[in-house]
Amino acid sequence: MKITQSTILEKLPSGIFHALASRKQELIKQGVDVIDLSVGSPDLPPSPLVTETIAKYASDPMNYGYTLTGTAEFSEAVSYFYKQRYNVDIIAEKEVLQLMGSQDGLSHLALALVNPGDYVLVPDPGYPIYEASVTIAGAEVYPMPLLEENGFLPVLEDIPAEVLAKAKLMILSYPGNPVPALADRPFFEKVVAFAKEHEILVLHDFAYSELIFDSHPQISFMSVEGAKEVGIEFNSLSKTFNMAGCRIGYAVGNEQAISILAAFKSHIDYGIFLPIQKAAVAALTSDYADLAGRVKIYEHRRDTLIEGLNQSGWQVQSSPATMFVWAKIPEGWTSHDFAFQLLDNAGVAVVPGSAFGNKGEGYVRIALVQPAERLAEAAGRIREFLKAGVGV
Ligand SMILES: Cc1ncc(COP(=O)(O)O)c(C=O)c1O
């Protein structure tokens, strides 16, 4: 019997990530000491509060049933967190939906909301599930270019009227992945007005809300006047509390959109393991003492890497946020060749910008997921690589 994949699966690009992972594994097997700066998985541990809470509740055999949905306590904890951190009022009963990581919401929102023929406005470059979720839903992607000369913000006026007429959803993320740029309040205000005018729901992905550096303000889209009328925000415990493997996140905001997504999810999952929900509540209602310390760690890592790269003559822009540096590559390379040659010749793994969309060409994404000493070593290896002029 021949088993074939669906046409939708055929349409989903996995090429570059897959090729990069295989090449990395090959090199590791050959004994190469690969410095892996390609995957955005936090390397730092969660606080003892998290591990102790999971251990406590996991030892009770009564906690192993389906939870079906998020607990009321979890929604209240999210509401508390949003008030404390972003001064946003969220009604726990109506405006919070627990997600199995924000990826759960990102991959299902389009399926819950859009129909074939509808457009979804997606940042280019953008986190891959944004576009993939639209393809899975059988709808049309309209890539909004994020260009350096525009501060990596989309130019809303450039979106054609015929696209706007069919657009149902716009996805934004500030600070985002791979582009760590921040949006200011006037931009978000403009987005709210634009969304109202064109009746487009806005999904703001705020997964890196607690990795914002140099005392830049942490602006939740939900804190902008009128945002709840037009939008929802996804957030996560993954990066904020180093709980990525726990798979727990949430959506907040527009009640109608939340209830549509909840209805969709009721068909496909049975809730998150209670000990994880309990640990998330503990983290969300904690004193947040370790958040500032973590920001300092990432700032130091960023500075170490950027200084090291600048010494090589490769002038890379510093990141205002996230666990990524979005580095414009030297002239003469494609981002694919740069990343693969760097891996082969220097044993440093980074992701070619083209993996995130056409406008990612000319950049690579470097994840700050190793200690500063390792990042300094990576910068040293990159210096040697550039000096040798391999492949140019
Ligand atoms: C921008 C962005 N959004 C969402 C996610 C998904 O995170 P999670 O599903 O762990 O909440 C990631 C993960 O790397 C991300 O970079």
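How many residues surround the ligand, and which are the closest? In this predicted model, the shell around the ligand comprises 14 residues, and the closest of these are Asp 205, Tyr 208, Ser 236, Ser 238 and Lys 239. Sorted by class, the shell consists of 5 nonpolar, 6 polar and 3 charged residues.

Polar contacts to oxygen atoms of the ligand come from both backbone and side-chain atoms, as the following pairs show. From the backbone, an N or O atom of Gln 103 is placed 2.9 Å from an oxygen atom of the ligand. From the side chains, a polar atom of Lys 239 is found at 2.7 Å from an oxygen atom of the ligand, and an N or O atom in the side chain of Arg 247 is likewise 2.7 Å from a ligand oxygen atom. Considered alone, the ligand exposes 400 Å², of which the protein buries 93%. The space that the ligand takes up is the largest pocket. Two elements, α5 (102-113) and α10 (237-240), are those that contribute two or more residues to the shell around the ligand, and α5 makes the greatest contribution, with 3 residues.

Arg 247, whose side chain provides one of the polar contacts to the ligand, is also notable for its backbone, since this residue has a positive phi of about 55 degrees although it is not a glycine. Arg 247 is located in the loop that runs between α10 and β8 (249-253). A positive phi is likewise found at Leu 68, where the angle is about 70 degrees and the residue is again not a glycine; Leu 68 belongs to the loop between α3 (48-58) and α4 (72-86).

Cis peptide bonds are a further feature of the backbone, and two that precede proline are described here. The bond joining Asp 124 and Pro 125 is cis, with omega at about 5 degrees, and Pro 125 lies in the loop that connects β3 (119-124) and α6 (128-136). The peptide bond from Asn 177 to Pro 178 is also cis, with omega near 15 degrees, and Pro 178 is situated in the loop between β5 (167-172) and α8.

Turning to charged pairs, side chains of opposite charge can pair when their charged atoms come close. With a cut-off of 4 Å between a side-chain nitrogen of Lys or Arg and a carboxyl oxygen of Asp or Glu, the count comes to 22 salt bridges. One of them is formed by Lys 190 and Glu 157, whose closest N and O atoms are 3.0 Å apart. Because Lys 190 lies in helix α8 (residues 185-198) whereas Glu 157 lies in the loop between β4 (140-145) and α7 (161-166), this pair ties together parts that are 33 residues apart in sequence.

Terms used: Residues numbered from 1 in each chain as written. Predicted model: local features only at pLDDT ≥ 70, side-chain atom pairs only at ≥ 80, totals over all residues. Heavy atoms only, no water. Near = heavy atom within 4 Å. Polar contact = N/O pair within 3.5 Å; in protein donor to acceptor, adjacent residues only side chain to side chain. Areas by Shrake-Rupley, 256 points an atom, 1.4 Å probe, with all protein chains shown as cover. 1 Å grid on protein atoms, 1.4 Å probe; cavity = no way out; pocket = protein on both sides within 12 Å on 5 of 7 lines; lining within 4 Å. Sits in = over half its atoms within 2 Å of the grid points. Helix = DSSP H or I, 4+ residues; strand = E, 2+ residues; numbered from the N terminus. Nonpolar A, V, L, I, M, F, W, Y, C, P; charged D, E, K, R; others polar.
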